[in-house]
Amino acid sequence: MELNQPKKSDSFGRKEGTDTKPTSNTEALGEKIREDVDGAEGKKNEEEQNQLEVVPDPHCDLENVSDCIDKFLSSLSTKKDDDDKENDVIPVDIPHELLEKFSDLVEAKLSKPEVDSSFLAAVSRLSKLTKWLRDLKPEESHPSLLINRIGGIHERAISFLEEEFRLLLEDSRIGESDEKGKQDHHVQTELSESIGDHEADFPGYSDDVVSSLNNVAKEMIFGGYESECCQVYAVARSNAFEESLQKLGFENHSIDDIHKMHWEALEREIAIWIEAFKKCTTVYFSGEKALAESVFSNHPSLSDSLFSNLTRGILIQLLNFVEAVAMTKQRSAEKLFKFLDMYETLRDVVPAMDLFKNECGNELKNEATTAQCRLGEAAILMFTDLENSIKADTGKTPVPGGAVHPLTRYTMNYLKYACEYKDTLEQVFREHSRLERADSTSRPSRDETKSFDDHNESEPQTPFSLQLMRVMELLDSNLETKAKIYKDVGLSNIFMMNNGRYILQKIKGSTEIHDLMGDTWSRKRSSDLRQYHKNYQRETWSKLVGCLSNEGLNVNGKVVRPVLKERFKSFNQMFDEIHKTQSTWVVSDEQLQSELRVSISAVVIPAYRSFLGRFSQYFHTGRQTEKYVKYQPEDIETSIDELFDGNPTPRRRP
């Protein structure tokens with residue numbers, strides 16, 4: 001924007017028609033300064049001064065007049081230093097024509113202003129003049145209209161600077177116009193890339209713009225408009241920050257809105273909050289601090305105050321979201337992990353916030369610590385909800401085939417996932433569990449803790465590991481109760497083996513859980529599984545093998561054929577029943593399934609082969625043999641391999 005040329009009719013000179021040769025404008029103004037402030041011989045009286053009239057001079061422009069203004073201001077400064085320091089006012093004559101001319105030229109520039117160095121210099125001179133004129137002694141020769149005029153021009157110039165300051169802050173961010181123009185949803189990818197660039201360059205002003213902001217702010221503050229300058233800056237940067245948060249998807253929801261949200265919606269909001277909090281504390285705040293320090297480089301206290309106030313408002317807004325989430329009633333166990341994500345974000349980010357080194361910074365860190373504590377307390381309550389869900393699972397319907405119970409799967413998968421947050425949960429239970437009520441039943445009792453220690457004498461116990469063992473104890477107790485629902489003792493043992501093996505495999509497959517539970521606990525679990533296996537063998541196959549006993553078959557050295565027939569008949573009948581029943585039982589763990597089949601074969605087949613070898617000869621070849629010797633050892637082995645598939649249809653060889 002180009003400036004208007006100064007008015008030519010306002011140049012200083014001699015009255016037209018006099019005999020004196022006109023001097024140049026600069027010389028005339030210089031002479032006037034010397035007459036007014038350098039002690040020229042006597043003051044000219046008012047009539048002599050009124051005889052001086054202006055003569056057009058093409059060289060009388062703003063630059064020349066400004067030089068004279070600078071000399072005048074310099075002389076005022078010198079006079080002030082020499083004057084009585086206790087005297088607040090300065091008696092001095094005002095160069096009326098000089099100030100009138102300067103006012104005219106500045107007004108001309110204001111008609112088509114451009115914030116360049118000359119304009120800023122003019123505003124600076126106006127500020128100085130306004131200040132000095134207020135300090136002068138009120139003498140009759142001082143024209144109040146001129147003083148008021150200069151004050152009005154100064155106010156208009158500052159108002160223009162204020163608007164320019166606002167426009168620079170609002171409309172000069174790099175790529176801002178491009179981002180505002182993208183309205184269609186199908187350009188989401190391009191918008192995301194634009195946002196990414198915006199974050200990398202936050203707050204997004206070029207060096208030239210920052211320099212201009214600095215120059216304008218300096219002149220506004222020097223001119224006595226500090227509060228207006230700070231207000232414009234604070235509002236513009238606050239709006240810009242809100243826009244940045246909106247681009248990340250973060251909205252300032254009320255507590256009621258958050259409490260009314262369905263979990264799926266709240267889960268999305270939490271993920272957005274985590275991203276926004278990290279961006280603010282690691283990218284945006286540091287960029288904002290650098291901007292404030294650059295714009296208000298001459299006023300560090302102002303930059304600190306503006307930065308602190310802005311970021312405090314944003315942080316409080318973000319922390320209010322945490323408080324609202326921590327107070328929500330949606331605290332079921334499966335929602336724990338999003339709470340832990342928020343907890344980790346605060347834990348990891350807040351200590352690194354070294355941008356706040358004043359009282360405001362301490363306040364913000366205290367607020368963040370309080371929010372973190374609220375999340376920790378909520379996380380403990382949510383984890384203990386797992387205990388409550390185990391206790392509450394009292395269903396009387398047995399799982400078909402003795403398979404792994406859904407409660408076991410849920411609990412172990414939950415614990416496996418929870419132990420991925422092991423370090424965080426250790427911290428949560430160490431630092432926040434003491435806040436629970438002393439009569440809470442969710443914590444292990446002293447006797448229970450002692451029993452845990454007995455199982456892990458050489459392994460250190462932590463609050464979270466004790467909590468984990470508490471959950472495992474509750475799960476074991478629940479499973480033992482469910483096992484009693486089965487009428488078949490063998491199936492009850494299969495159920496305990498299935499669930500026990502599933503638990504053990506999950507623990508072995510997770511280093512975190514294994515480290516927390518310890519080797520001693522795992523060895524005890526393996527021992528329990530072996531005992532269930534023995535119980536199953538005794539209840540099922542030991543009875544079958546009892547049919548192959550030699551006792552009572554020999555009388556006086558002779559085989560009693562009716563007893564032998566009954567033995568084979570009993571064996572065939574019992575084996576058929578076992579096969580029919582246990583082929584519907586389920587052992588999904590292939591290793592356990594193989595171990596069971598191998599152990600059964602090792603007990604039954606050798607005994608059957610031996611019995612068959614000794615007594616099959618006592619049957620007549622033909623139909624009698626087929627009637628009583630129903631199976632060959634190979635048939636028994638094939639039938640055993642059909643067990644635990646959950647398939648009721650036999651697949652024996654013909």
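**Helix packing and chain-distant pairs in a predicted model**

K131 lies in helix α5 (residues 117-135). Helices here are DSSP runs of H or I with at least four residues, strands are runs of E with at least two, and both are numbered from the N terminus. The model is predicted, so local features need a pLDDT of at least 70 and side-chain atom pairs count only at pLDDT 80 or more, whereas totals for chains, interfaces and linings use all residues. Residue numbers start from 1 along each chain as its sequence is written, and side-chain values use heavy atoms, with hydrogens and water left out.

K131 is partly exposed, at a relative accessible area of 48%. Buried denotes under 20% relative accessible area, exposed over 50%, and partly exposed the range in between (1.4 Å probe, protein chains only). K131 is paired in space with G224. The two are 93 residues apart in sequence, and their C-alpha atoms are 9.2 Å apart.

Other pairs were examined in the same way. D171 is located in helix α6 (residues 144-171). Its relative accessibility is 48%, which counts as partly exposed. Between the C-alpha atoms of D171 and Y205 the separation is 9.6 Å, with their positions 34 residues apart along the chain. R609 belongs to helix α23 (residues 590-615). R609 is partly exposed, with 45% relative accessibility. From R609 to P633 the C-alpha distance is 6.0 Å, at 24 residues apart in sequence.

F644 falls in the segment after α25 (633-640). Its phi is positive, about 70°, although F644 is not a glycine. F644 counts as buried, with a relative accessibility of 1%.

Two helix pairs were analysed for packing. Axes are lines fitted to C-alpha atoms, for helices over the stretch in contact, and angles run from 0 to 180 degrees between N-to-C directions. Helices α12 (residues 263-295) and α13 (residues 300-327) pack at about 170°, with axes 11 Å apart. α12 is therefore roughly antiparallel to α13. The cut-offs are under 35 degrees for roughly parallel, over 145 for roughly antiparallel and 65 to 115 for roughly perpendicular, with the rest oblique. The α12 contact with α13 comprises 17 nonpolar, three polar and five charged residues. Nonpolar covers Ala, Val, Leu, Ile, Met, Phe, Trp, Tyr, Cys and Pro; charged covers Asp, Glu, Lys and Arg; the others, Gly among them, are polar.

Helices α9 (residues 207-222) and α10 (residues 226-247) pack at an angle of about 145°, and their axes are 7 Å apart. In this contact, A217, M220 and I221 of α9 meet E226, E228 and C229 of α10. A contact requires heavy atoms within 4.5 Å. The residues divide into four nonpolar, no polar and two charged.

Across the whole protein there are 25 helices and two strands. Of its 654 residues, 46% count as buried. Contacts between residues at least 6 apart in sequence join residues at least 24 apart in 82% of cases. The exposed area is about 33700 Å², of which carbon and sulfur atoms supply 47%. Areas follow the Shrake-Rupley method with a 1.4 Å probe; for residues, only the protein chains shown count as cover.

Confidence varies along the chain. The average pLDDT is 80, and 76% of the residues score at least 70. Residues 36-58 have pLDDT below 50; this stretch has 39 contacts in the model beyond near neighbours in sequence. pLDDT is the predictor's confidence in each residue, from 0 to 100. Residues 177-198 also stay under 50, with 15 contacts beyond four places in sequence. Where pLDDT is low, predicted coordinates should not be read in detail.
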